[in-house]
Structures are given as C-alpha cells and as structure tokens.
Amino acid sequence: MKKYVSLLGLCVLITISCGDSASEELPGRVNLRFNNSVNGTPVTLNAETYLNNSGEFYQISELKYIISNIVLITTADEEVRYPIAESYFLINAEDSSSLTIALQDIPAGNYKAIQFGFGIDQQNYPLNGMANFVPKAEETGMLWNWAAGYKFVKFEGSFTSATFQNQTPFTIHVGSHGSTLDNYKEVRLDLNSEMTVSEDQIGNIAIQADVAAIFDNVNTHSLSAKSDIQVDPVNAPKIAENIAHMFSIE
C-alpha cells in the first residue's frame, strides 16, 4: 500500500511539473517597419519634388538616420530593453532591407508603447560598446572623417526658391560633438492598439517618419537662409529637436 501511495505521489508531482513547464511562454519576435514620407507622400530619392513651409521646392538624394536604445513597454508598464550592443540600426532610404528591424527574443506578453533613441547617447559616444556598428557607420558615411563621432542623420539634396532659382545643393548632417553639443533625442510612441507577442505571434509596429518635420515642426528652417548644416551649435540642435517629433505610429 505504501508503494502505491508513493507511486501516486510521484505521478502527481510529474503532472504538476509538466504543467508548469507547458505554461511558460517562449519569447517571440517584433518587426519594426520605418516608412519615410513627406506630408504623407512616400520619399522617392532623386525624383519627387517636395515643398516646405518656407516656399522652397526640394528633392532628396540621400536620407539616412540612426535608431538606437530600443525599449518596448508592456501594458503593465514594465520596460523590455533590447540588448544595448545589438540596439544600433541605420535606416537608409536607398536600402529597402534597412527599413525593417527584426527584434529577436522578445518576452511573450502584451505591449502598449515603444521608445527609441535618435542617434547615439552620450554614454556610448563616440565609439564605446559599439564595435558591431562602427564598420557599418563608416561604410555608409555616418562617421565624420575628421573626428571620432557619428552623423545621426545624413539628409542631402537640392532646392530652388525665390532667391535661389537654380538647383542648389543642401547638406544637413546632425550629430553630437563631445559633451558640449549633445543632439541625441529619445522618442516614445504609444501604439494604436495593444500588441501581443508570443512564440506563435509576431508583433508588428509600423513607424511613419515624416521628413517634412526636419524643416517645419517645433522650429522652422529655411534652406535659403542656410543650406549647409554640419557642426552647427545654433541650427543643428533645432534640426535634432524637429527630428524628435517626426516619428509617429501608423
């Protein structure tokens, strides 16, 4: 009789253990899709002409920007931080494969918001902890040639205006330079609806990047006033502030 009870207890223990194991949800994946546009019109390099609030017509020849420090926020207000060493990405309008970021091993659960950085934060600036990203940044022209620092955005093209009737090139490169000029920004976006992530259910987040905000948002920038912005302590922070407001959830 004692042997029977012991065996029964063992079976119950095994059943409970198996139940606990089966209830543990495995991690899943989240895809971030960046869609670049100008006032709702998709960005087309070297072809489409756009108009800003300063009455300037412009074409875009190059559009690249750095996204970093991705954090997913659960419905319980818990932060799921993507591993820092793997959390630097280059969005390149010329490379369609760069527009989708696949985040792996995301804990199963329900999510309500996403947070990410524009550029590189001071803690990891200029090159600390980013060995995997440095070659890509260098290869794609996102490193300054004359200083150990990053271009957070590389936005180039040409424009015409009442004062510049011939096609005139413009260059907007914004980054941080030491601790005195910090243009890194953090962006938080609430999702339109709750997102569920599990082993069997991939989460998808579509992020609209409205490039028109580079010229017109919190600040207004006229290319006729200044068409070349690089190490610029006056205009670069204004452009960075505008870019922090150019993202939204589709």
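Exposed, on this tour, means over 50% relative accessible area, buried means under 20%, and partly exposed is what falls in between (1.4 Å probe, protein chains only). This is a predicted model, where local features need pLDDT of at least 70 and side-chain atom pairs count only at pLDDT 80 or more, while totals for chains, interfaces and linings use all residues. Residues are numbered from 1 along each chain as its sequence is written, and side-chain values use heavy atoms, with hydrogens and water left out.

**Stop 1: the whole chain**

Start in cartoon view. You should find three helices and 14 strands in the protein chain; these are DSSP runs numbered from the N terminus (helices are H or I, at least four residues; strands are E, at least two). Of the 250 residues, 47% are buried. Now switch on a surface: the chain exposes about 12,800 Å², and carbon and sulfur atoms supply 49% of that. Accessible areas come from the Shrake-Rupley method with a 1.4 Å probe, and for residues only the protein chains shown count as cover.

Contact here means heavy atoms within 4.5 Å. Among contacts with a separation of 6 or more, 70% join residues 24 or more positions apart.

**Stop 2: the nonpolar core**

Select F34, Y65, I114, F116, F155, I205 and F247 and show their side chains. In the largest nonpolar core, which has 65 residues, these touch the most other members. Strand β4 gives the most to this core, with eight residues. A nonpolar core is a set of buried Ala, Val, Leu, Ile, Met, Phe, Trp, Tyr and Cys residues joined through side-chain atoms within 4.5 Å. In soluble globular proteins, nonpolar side chains tend to be buried together.

Stay on F116. Which residues does F116 touch, not counting residues up to four places away in sequence? The list is F34, I67, S68, N69, I70, K185, E186, V187, L189, I207 and F247.

**Stop 3: two positive phi angles**

N69, one of the residues touched by F116, deserves its own click. N69 sits in strand β4 (residues 57-74) and has a positive phi of about 45 degrees although it is not a glycine. N69 counts as buried because its relative accessibility is 10%.

Move along to D77, in the loop between β4 and β5 (79-81). D77 also has a positive phi, near 65 degrees, and is a residue other than glycine. Is D77 buried or exposed? D77 counts as exposed, because its relative accessibility is 55%.

**Stop 4: K154 and E94**

Next, select K154 in strand β9 (residues 153-160). This lysine has 12% relative accessibility, so K154 counts as buried. Leave aside the neighbours within four places in sequence, and K154 is in contact with E62, L63, K64, T140, G141, M142, I172 and H173.

Keep E62 selected and add E94, which is in the loop between β6 and β7. E94 and E62 are 32 residues apart in sequence, with 7.4 Å between their C-alpha atoms. E94 counts as exposed, at 66% relative accessibility.

**Stop 5: the largest pocket**

Pick F89, L90, S98, F133 and K136. Of the 16 residues lining the largest pocket, these lie nearest its centre. The pocket holds about 220 Å³ of space. For the method: on a 1 Å grid over the protein atoms alone, a pocket is an open set of points where a 1.4 Å probe fits, with protein on both sides within 12 Å along at least five of seven lines, and lining residues have an atom within 4 Å of a point. Grid points are joined across faces, edges and corners, and the volume is the space filled by probe spheres set on the points.

Which strand gives the most to the lining? That is β6, with four residues. Both β6 (88-92) and β7 (100-106) supply at least two.

**Stop 6: V211, N242 and T163**

V211 is in the loop between β12 (203-210) and β13 (228-229), yet V211 is buried, with a relative accessible area of 0%. Beyond four places in sequence, V211 contacts S37, V38, V43, I60, L63, F155 and M246.

N242, in helix α3 (residues 235-243), is buried at 1% relative accessible area. The C-alpha atoms of N242 and N219 are 6.4 Å apart.

Finish at T163, in the loop between β9 and β10 (168-174). T163 is exposed, with a relative accessible area of 62%, and its C-alpha lies 9.8 Å from that of A225.
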